[in-house]
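Student: I would like to learn how to read a pocket, a helix face and a buried residue. Please start with the pocket.

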Amino acid sequence: MATIRVGTAPDSWGVWYPDNPNQVPYTRFLDEVAAAGYQWIELGPYGYLPTDPAQLKDELGSRGLRLSAGTVSERLHQPGSWDAVWNQVTDVAALTAALGGEHVVVLPEMWRDLFTGEELEPGELTAEQWAAKTSGADRLGKAMFEEYGVHLQYHPHADSHVDTEENIIRFLENTNPEYVNLCLDTGHVSYCGGDNLAIINRHPERIGYLHLKQVNPEVVARVQAGNLSFSEAVTLGAMTEPPLGVPEFPPLLEAVAKRGVDVFAIVEQDMFPCPPDAPLPIAQRTRNYLGGCGVHSLRFAEPAPAAADAR
């Protein structure tokens with residue numbers, strides 16, 4: 001039976017940057033992840049967790065934690081952007097691989113300013129830009145695997161060029177599944193009006209990774225009516241604690257499990273900024289909800305190794 005390994009991420013503790021006074025120290029994040037009952041985490045923004053592999057291994061190992069993936073961003077539709085993207089990859093993929101992680105989540109950079117909503121470039125790509133983005137993603141995925149042995153999982157994002165269900169399908173159907181698959185972020189798909197289950201059913205073989213996130217439809221409607229920025233949406237509570245929002249998780253998880261392939265499902269609730277005491281109880285309640293939602297493929301920890309032969 002396929003296993004869906006559930007973890008969490010710095011994002012669920014209000015961490016968006018390597019260093020910011022509104023964020024909890026990394027040691028508190030790691031302590032609280034373990035206290036909440038999760039074993040798997042992501043790196044988050046490079047530099048938030050220690051970047052020395054030996055130090056990070058000690059920090060994770062002392063708490064019984066393991067690494068699933070790192071994260072980078074891309075703007076490969078823009079000419080001359082390869083070096084900037086690859087420079088991120090060399091740091092993130094190397095650290096991820098050194099800690100045993102097998103995935104790097106790649107996010108498209110936003111065409112609107114995160115905080116002001118100001119338009120930074122047109123919201124629609126030309127045909128030539130789409131070709132540059134998808135061929136660039138194929139090149140990036142191939143290079144990441146050949147150089148570091150990690151798999152590229154592409155993460156659609158609100159206010160980016162790969163946001164809606166239509167654009168996600170277009171991206172998948174113009175990239176090579178050998179090198180590029182999908183990190184299906186359930187919250188971003190719903191935020192942009194998409195149908196997560198339809199994406200899974202149309203391209204089940206491309207679901208390589210999951211970010212579990214729910215949105216509050218009433219808040220999203222206010223955001224859309226006011227043309228608010230993504231940061232303002234998060235501050236208003238557009239991303240909400242499961243199971244208080246949409247989409248419903250069990251049908252999605254069951255559909256993914258039918259693939260028969262092991263995947264990670266990382267809880268990622270955007271909460272920047274948030275009171276430092278807010279994330280832990282939310283993480284504990286989310287852990288309890290997922291553990292009791294009846295999806296038998298979910299696993300929160302690896303089985304303990306068998307006892308050594310005493311002979």
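Tutor: For lining classes, Ala, Val, Leu, Ile, Met, Phe, Trp, Tyr, Cys and Pro count as nonpolar, Asp, Glu, Lys and Arg as charged, and the others, Gly among them, as polar. This is a predicted model, where local features need pLDDT of at least 70, side-chain atom pairs count only at pLDDT 80 or more, and totals for chains, interfaces and linings use all residues. Residues are numbered from 1 along each chain as its sequence is written, and side-chain values use heavy atoms, without hydrogens and water.

Student: How many residues of each class are in the lining of the largest pocket?

Tutor: A pocket is an open set of points on a 1 Å grid over the protein atoms alone, where a 1.4 Å probe fits, with protein on both sides within 12 Å along at least five of seven lines; lining residues have an atom within 4 Å of a point. Here the lining has 16 nonpolar, eight polar and seven charged residues. Of the 31 lining residues, W16, P45, T71, L107 and H157 lie nearest the centre of the largest pocket.

Student: Which residues of helix α2 are buried?

Tutor: Buried means under 20% relative accessible area, exposed over 50% (1.4 Å probe, protein chains only). Helices are DSSP runs of H or I, at least four residues, numbered from the N terminus. In α2 (residues 53–61), L56, E59 and L60 are buried. They line one face of the helix, because they fall within an arc of 95° seen down its axis, the arc being that of the directions from the helix axis to the C-beta atoms. K57, D58 and G61, on the other side of α2, are exposed.

Student: Why does Q23 count as buried?

Tutor: Q23 counts as buried because its relative accessibility is 10%.

Notes: Helix = DSSP H or I, 4+ residues; strand = E, 2+ residues; numbered from the N terminus.
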